[in-house]
Amino acid sequence: MTQHRTAIVTGAARGIGAAIARRLAADGFAVAVLDLDETACASTVDAITASGGHAFAVGVDVADEQAVAAAVARVATELDAPTVLINNAGITRDNLLFKLSADDWDSVMNVHLRGSFLMSRAVQSHMVDAGWGRIVNLSSVSALGNRGQANYSAAKAGLQGFTKTLSIELGRFGVTVNAVAPGFIESDMTAATAARMGVDFDDFKKAAAAAIPVNRVGQPEDVAATVSFFVRDEAGFVSGQVLYVAGGPRD
Ligand code: NAI
């Protein structure tokens, strides 16, 4: 097994990021739990600690260049050199094109694309020094096109190109870079989508499940299990891939 066992998960205060943080801690990683508000990370950190794991909360806006550099330096000091990075932080600002504001376009690009870029650039030197690393980016089935999500879809498709390019650049240093592209996952993000559409969340989930081949919506743990595979030593020959975690095929 590798000796490099410090992971960073962004947007890990809740939802999919929290599940990934808990899963990586259970897999034996010390986990830096990053999110906008440091105090909001407490529930994830407490859950990990209560299970005998090791976690550390850091408040950071992943789109802020200076804050990202400071956050990664803090993780390296408080835990150890981070060699696993999960770029999970995300937001939606949905609207049809004719109503989509430039601010809502920029916000979504900044968190998903600029955020994943800044975090990856800040962490890569630790991975290169170690001669080993794992980056997993959160894409989405929306990358294939989704009404009302021109900004989010473009960002999630952009992350697929980003993933493939980093895998080409970093492979020689023992670093793999992959993307997970979830379908409908039960979280605050999908609950907010239902609320915005004026639909009861249970009805929303039922309708989504009916259109999914495995006949259920996804849970954050479904995504966490997939991330857990990508970061393993034995997944070292899997790089530049996009894995749809959507209960059925996508292409
Ligand atoms: P969520 O809204 O429950 O959690 C997202 C977390 O990211 C929040 O804790 C939020 O504070 C944090 N965050 C937002 N902007 C940030 C920033 N600038 N810096 C640091 N942290 C920030 O969302 P969920 O559902 O857990 O989604 C996680 C990821 O999975 C996102 O990238 C999302 O786009 C993606 N995804 C989610 C799907 C779903 O059905 N829920 C489907 C496909 C992809």
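Which side chains meet in a salt bridge with a distance of 3.2 Å from N to O? In this predicted model, one such pair is formed by the side chains of Arg23 and Asp27. Side chains of opposite charge can pair when their charged atoms come close. Both partners lie in the range between buried and exposed: Arg23 counts as partly exposed because its relative accessibility is 29%, and Asp27 likewise counts as partly exposed, with a value of 27%.

The count of salt bridges in the model comes to 10. Another of them joins Arg22 to Glu221, whose closest N and O atoms are 3.0 Å apart. This pair links distant parts of the chain, since Arg22 belongs to helix H1 (residues 15-26) and Glu221 to helix H8 (residues 220-231), with 199 residues separating the two. Arg22 has a relative accessible area of 34% and is therefore partly exposed, while Glu221, at 45%, is also classed as partly exposed.

A further salt bridge is found between Arg232 and Glu234, where the closest N and O atoms are 3.2 Å apart. Here the two partners fall into separate classes of accessibility, for which the relevant cut-off is that a residue counts as exposed over 50%. Arg232, with a relative accessibility of 34%, is partly exposed, whereas Glu234 reaches 62% and so counts as exposed. Elsewhere, salt bridges with shared partners connect Glu186, Asp202 and Lys205 into one network.

Attention now turns to helix H6, which spans residues 188-197 and has Thr190, Thr193 and Ala194 as its buried residues. When the helix is viewed down its axis, these buried residues fall within an arc of 95 degrees, which means that they line one face of H6. The spacing of residues in a helix helps to explain such a pattern: an α-helix has 3.6 residues a turn, so residues three or four places apart point the same way. Helix H7 (201-210) is included in what covers the buried residues of H6.

The two ends of H6 can also be described. At the N-terminal end, Ser187 acts as a cap, with a side-chain oxygen that lies 3.0 Å from the backbone nitrogen of Met189. After the helix comes Gly198, which has a positive phi, near 75 degrees.

The model also contains a ligand, which is surrounded by 28 residues, the closest being Arg14, Asp35, Asn88, Tyr152 and Ser187. Ser187 thus appears both among these closest residues and as the cap of H6. Polar atoms of the protein approach oxygen atoms of the ligand from side chain and backbone alike: an N or O atom in the side chain of Arg14 is 2.7 Å from a ligand oxygen, a polar backbone atom of Ile185 is 2.9 Å from a ligand oxygen, and a backbone N or O atom of Gly183 lies 3.3 Å from one. Taken alone, the ligand exposes 820 Å², and the protein buries 93% of that area.

Several helices contribute to the shell around the ligand, with H1, helix H4 (102-130), helix H5 (150-170) and H6 each supplying at least two residues. The largest share, 3 residues, comes from H6. Helix H6 therefore combines a buried face with this contribution to the ligand's surroundings.

Terms used
Residues numbered from 1 in each chain as written. Predicted model: local features only at pLDDT ≥ 70, side-chain atom pairs only at ≥ 80, totals over all residues. Heavy atoms only, no water. Salt bridge = Lys/Arg side-chain N within 4 Å of Asp/Glu carboxyl O. Helix = DSSP H or I, 4+ residues; strand = E, 2+ residues; numbered from the N terminus. Buried < 20%, exposed > 50% of the residue type's maximum accessible area, 1.4 Å probe, protein only. Arc of directions from axis to C-beta. Contact = heavy atoms within 4.5 Å. Polar contact = N/O pair within 3.5 Å; in protein donor to acceptor, adjacent residues only side chain to side chain. Near = heavy atom within 4 Å. Areas by Shrake-Rupley, 256 points an atom, 1.4 Å probe, with all protein chains shown as cover.
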